[in-house]
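Dear colleague,

Please find below the structure that I am handing over to you, together with its sequence. My findings follow directly after it.

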Amino acid sequence: MLSVAVSLDGYIDDTIPERLYLSNDRDFDDVDRLRAECDAILIGAETVRRDNPRLWLRSEERRQARVAAGKPANLLKVTVTRSGDIDPDARMFHHHVEAGKPLVYTTIEGAQKIGDTLSAVADVTAVVESDFWGALLDDLGGRGVKQLIVEGGAHIHTAFLEAGLADELRYAVAPLLIGQRDAPRFVNPAEFPGGSRRRLEFVDATVLDDVVVLRYRPKRMSDTAAGS
């Protein structure tokens with residue numbers, strides 16, 4: 001599942017150094033609920049550098065419920081960096097790592113740059129460029145990850161959608177207009193499956209105070225059958 005919060009004009013952040021919160025309390029809680037249903041959470045290294053998130057479950061009740069079900073209290077954390085530019089002091093490596101060492105997927109060159117700088121805080125896996133995303137998901141599956149929530153940023157969301165790997169898109173729209181030319185958008189220009197005339201399958205819409213959450217299935221059942 002891809003999960004993103006955007007402004008009315010399609011941006012996921014502004015260019016001001018302080019973090020912009022597009023979601024409201026009810027939306028944050030709903031995302032927390034979705035996280036609790038998953039095995040792992042994935043963000044890109046740019047999001048690590050920009051937001052430095054902890055990637056934990058906010059709800060103590062949900063953490064306890066996971067433990068009661070035989071799961072770690074918090075999800076396995078995953079990040080992707082093609083360049084290998086990632087800080088070993090990032091909070092995702094040091095807070096709420098009950099599911100084990102966070103995973104870092106990178107290229108062969110990225111792994112060479114990382115070296116052993118992350119050995120104490122993360123497991124680093126080098127993936128060949130020819131099938132980067134497929135190999136990444138296969139490796140996660142081999143580690144027991146059945147449900148993955150992907151929370152960006154733009155490069156990551158673009159890659160999953162372009163490769164046709166997203167089963168569901170949770171798109172939360174906040175009542176803000178950003179309008180800054182250099183601000184990051186939800187996705188980058190890409191050749192998405194089916195092109196500009198292909199319509200995603202609409203699931204539902206939910207109003208959470210001033211945020212509207214739209215859910216779509218980018219990979220429809222007919223697509224899955226055709227690729228089987």
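The aromatic side chains come first. Five aromatic pairs are counted in this structure, which is a predicted model. One of the pairs is made by Y21 and F28: because their ring centres lie 6.2 Å apart, within the 6.5 Å allowed for a pair, and their planes meet at 75°, over the limit of 60 degrees, the pair is classed as edge-to-face. F28 itself is partly exposed, as its relative accessible area is 21%.

A further edge-to-face pair joins F132 and W133, with 5.1 Å from centre to centre and 70° between the planes. Both partners are covered by the protein: F132 has a relative accessibility of 2% and therefore counts as buried, and W133, with a relative accessible area of 12%, is likewise buried, since the cut-off for burial is under 20%. These two residues also belong to a cluster in which ring pairs link F132, W133 and F160.

The second topic is surface charge. Four residues, R19, R54, R58 and R91, form a positive patch on the surface. Of this patch, R91 can be placed in the fold: R91 is found in the loop that runs between β3 (76-81) and β4 (103-106). Is R91 buried or partly exposed? Its relative accessibility is 33%, so R91 counts as partly exposed.

I would be grateful if you would look at the aromatic cluster of F132, W133 and F160 and at the positive patch that includes R91 when you open the model.

Yours sincerely

Terms used. Residues are numbered from 1 along each chain as its sequence is written. This is a predicted model: local features need pLDDT of at least 70, side-chain atom pairs count only at pLDDT 80 or more; totals for chains, interfaces and linings use all residues. Side-chain values use heavy atoms; hydrogens and water are left out. Patches are made of residues with over 30% relative accessible area and no salt bridge: like charges are joined within 9 Å, nonpolar side chains (Val, Leu, Ile, Met, Phe, Trp, Tyr) within 5 Å. Accessible areas come from the Shrake-Rupley method with a 1.4 Å probe; for residues, only the protein chains shown count as cover. A salt bridge is a side-chain nitrogen of Lys or Arg within 4 Å of a carboxyl oxygen of Asp or Glu. Lys and Arg count as positive and Asp and Glu as negative; His and the chain ends are not counted. The place of a charge is taken as NZ of Lys, CZ of Arg, CG of Asp or CD of Glu. Helices (H or I, at least four residues) and strands (E, at least two) are DSSP runs, numbered from the N terminus. Buried means under 20% relative accessible area, exposed over 50%, partly exposed in between (1.4 Å probe, protein chains only). Rings of Phe, Tyr and Trp (its six-membered ring) pair if their centres lie within 6.5 Å; planes under 30 degrees apart count as stacked, over 60 as edge-to-face and the rest as tilted.
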